[in-house]
Amino acid sequence: MENIKSYVQQHKDRFINELIELLKIPSVSADTAYSQDVIDTAEAVKESLSKAGCDYVETCDTPGYPIIYGEKIIDPNLPTVLVYGHYDVQPPDPLELWTSPPFEPVIKTTDIHPEGAIFARGACDDKGQMYMHVKALELMVQSNTLPCNVKFMIEGEEEVGSASLAWFVERNQEKLKNDVILISDTGMISNQQPSITTGLRGLSYVEVEVTGPNRDLHSGLYGGAVANPINILAKMIASLHDENNHITIPGFYDKVEELSAEERAEMAKAPFSLEKYKNALNIEDVYGEKGYVTNERNSIRPTLDVNGIWGGYTGEGAKTVIASKAFAKISMRLVPNQEWEEITELFTKHFTSIAPAGVTVKVTPHHGGQGYVTPIDSIGYQAANKAYTETFGVPAIPVRSGGSIPIVALFEKELKSKTILMGFGLDSDAIHSPNEHFGIFNYLKGIETIPLFYKYFVELSK
Ligand code: BES
Ligand code: MN
Ligand code: MN
């Protein structure tokens, strides 16, 4: 532990500068304008893995962006840790809300990060957290303390649904064989209270299109006499929740697992301040499903949210028009046991059925994935908990997260191993938002904690 700490202290400036270089490449997977940058980032990751000490690295071509594979096999009889992460990032917009440009990383202090945080798109999600693993490997190789085999699989399409990774995993079961999968792409409660994510929500993401008249119309000449697709879409969307904020799609809750009173009481023990939560978001009150508290609403309950809605005239000034079409992008966060394909079908059937005469509705599924829950009595969980306990001085608390990493359920199905979600980000790090950042404290703590996971995982596996 002292050796780990001193290595990190000695090399921290370089660790930070290397991450900053990686963050300068705008690897936005959703926008083809950045495709060369995404590919360049893959190569940079590959190089970093070789430099850190992998004996073998490979750019694996896929139907989409490449997957970077790396390994260091020290003894086939020892356990193997498979590290997963992603080098792609979310689009940076709206640009005008960034206090410094998203791909020109700078270190600034915040109330929560008095020792500084790196501001850049991808700083926390997931370049910073992924790179902690690369540096942890370097540390273990340099100090001759790598206690087992390690494989890396770093993809470039996580933010757009991981289609190529699913393709890759199905075709490379032997290559990816492992005893545990280790991911840092989630968060923890606070810098004083580490937590281990034991659940992720699933996802069904759809786009809807409502079409009325065959062309845009004068809203005076036709207003009141034909269905306005934007009015109708707004009404249809509003009807998807009832007065208790339950989702109204028939069958939506059929497979939802209800937690026992004991499990809910256990969850309620995690430190949480509703006042701080409201203050951080500048809202007067929270809002959500009746019968559940905030920490349940955003983790063990399924949701439906509009992510974007558009149509008609949105330019400067006013234009009197009834648009021919209106659109929305809608995500449903799902909990374990809900099948995402089935939910997509239920949504499609219901949404089409509630359209009034005078409009037609088209629903296009985008992507989806299953939720995930993992037990806390596994060797992997215990190793992670011991590692956090040592570096933070307090044990980690198990927490079910509201976010999704759909590929995790597929890992379990195809590779038959458990995933340990060792996150070091904070909710306030603004992932997917303007001014995303990652605390220097968090980055360095991650690099310190990861080698201890390896150590305890191997010890407990004996
Ligand atoms: N790293 C996030 C997921 C996450 C963040 C989980 C924090 C738990 C805590 C990941 O990159 C992500 O953004 N996932 C997407 C889903 C994907 C299919 C686009 C999400 O959750 O919206
Ligand atoms: Mn991520
Ligand atoms: Mn993300």
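1. Valine 361 first. In this predicted model, its relative accessibility is 18%, so it counts as buried, the cut-off being under 20%. Valine 361 is part of strand E14, which covers residues 360-369. Setting aside neighbours within four places in sequence, the contacts of valine 361 are Glu209, Val210, Met236, Phe351, Thr352 and Ala355. If you want a ruler across the model, take the C-alpha atoms of valine 361 and lysine 108: they are 48 Å apart, with the two positions 253 residues apart along the chain.

2. Lysine 278 is another one to click on. Is lysine 278 buried or exposed? It has a relative accessible area of 11%, and because buried means under 20%, it goes down as buried. Lysine 278 sits in helix H7, residues 274-281. Skipping residues up to four places away in sequence, lysine 278 touches Ile283, Glu284, Asp285 and Val286.

3. Now the metal. Which residues coordinate the manganese ion (ligand 3)? They are Asp125 through OD, Glu159 through OE (listed twice) and His432 through NE2, at 2.1 to 2.5 Å. In sequence, the spacing of these donor residues reads D-x33-E-x272-H.

4. On the geometry of that site: there are 6 donor atoms around the manganese ion (ligand 3), and the angles they subtend run from 55 to 153°, so the arrangement is irregular. For six donors to pass as octahedral, opposite ones would have to be over 155 degrees apart.

5. The manganese ion (ligand 3) has company: the manganese ion (ligand 2) is 3.6 Å away, and aspartate 125 coordinates both. Aspartate 125 and glutamate 159 link distant parts of the chain, 34 residues apart. Aspartate 125 is in the loop between strand E5 (117-119) and helix H3 (127-142), while glutamate 159 is in the loop between strand E6 (149-155) and helix H4 (163-171). Both of these acidic residues are buried.

6. Stepping back to the whole chain, there are 12 helices and 18 strands. A compact globule of 462 residues would have a radius of gyration near 23 Å, and the chain agrees, at 23 Å. The C-alpha trace spans about 80 × 50 × 45 Å along its principal axes.

7. Last, packing and surface. Of the 462 residues, 51% count as buried. Take the contacts between residues at least 6 apart in sequence: 79% of them join residues at least 24 apart. The accessible surface is about 20800 Å², and carbon and sulfur atoms account for 52% of that.

How values were computed: Residues numbered from 1 in each chain as written. Chains lettered and ligands numbered in written order. Predicted model: local features only at pLDDT ≥ 70, side-chain atom pairs only at ≥ 80, totals over all residues. Heavy atoms only, no water. Donors = N, O, S within 2.8 Å, 3.2 Å for Na, K, Ca; no water. Tetrahedral: all angles 85-135°; square planar, octahedral: opposite > 155°, others 65-115°. Helix = DSSP H or I, 4+ residues; strand = E, 2+ residues; numbered from the N terminus. Buried < 20%, exposed > 50% of the residue type's maximum accessible area, 1.4 Å probe, protein only. Contact = heavy atoms within 4.5 Å. Rg over C-alpha atoms; globule rule 2.2 N^0.38 Å. Areas by Shrake-Rupley, 256 points an atom, 1.4 Å probe, with all protein chains shown as cover.
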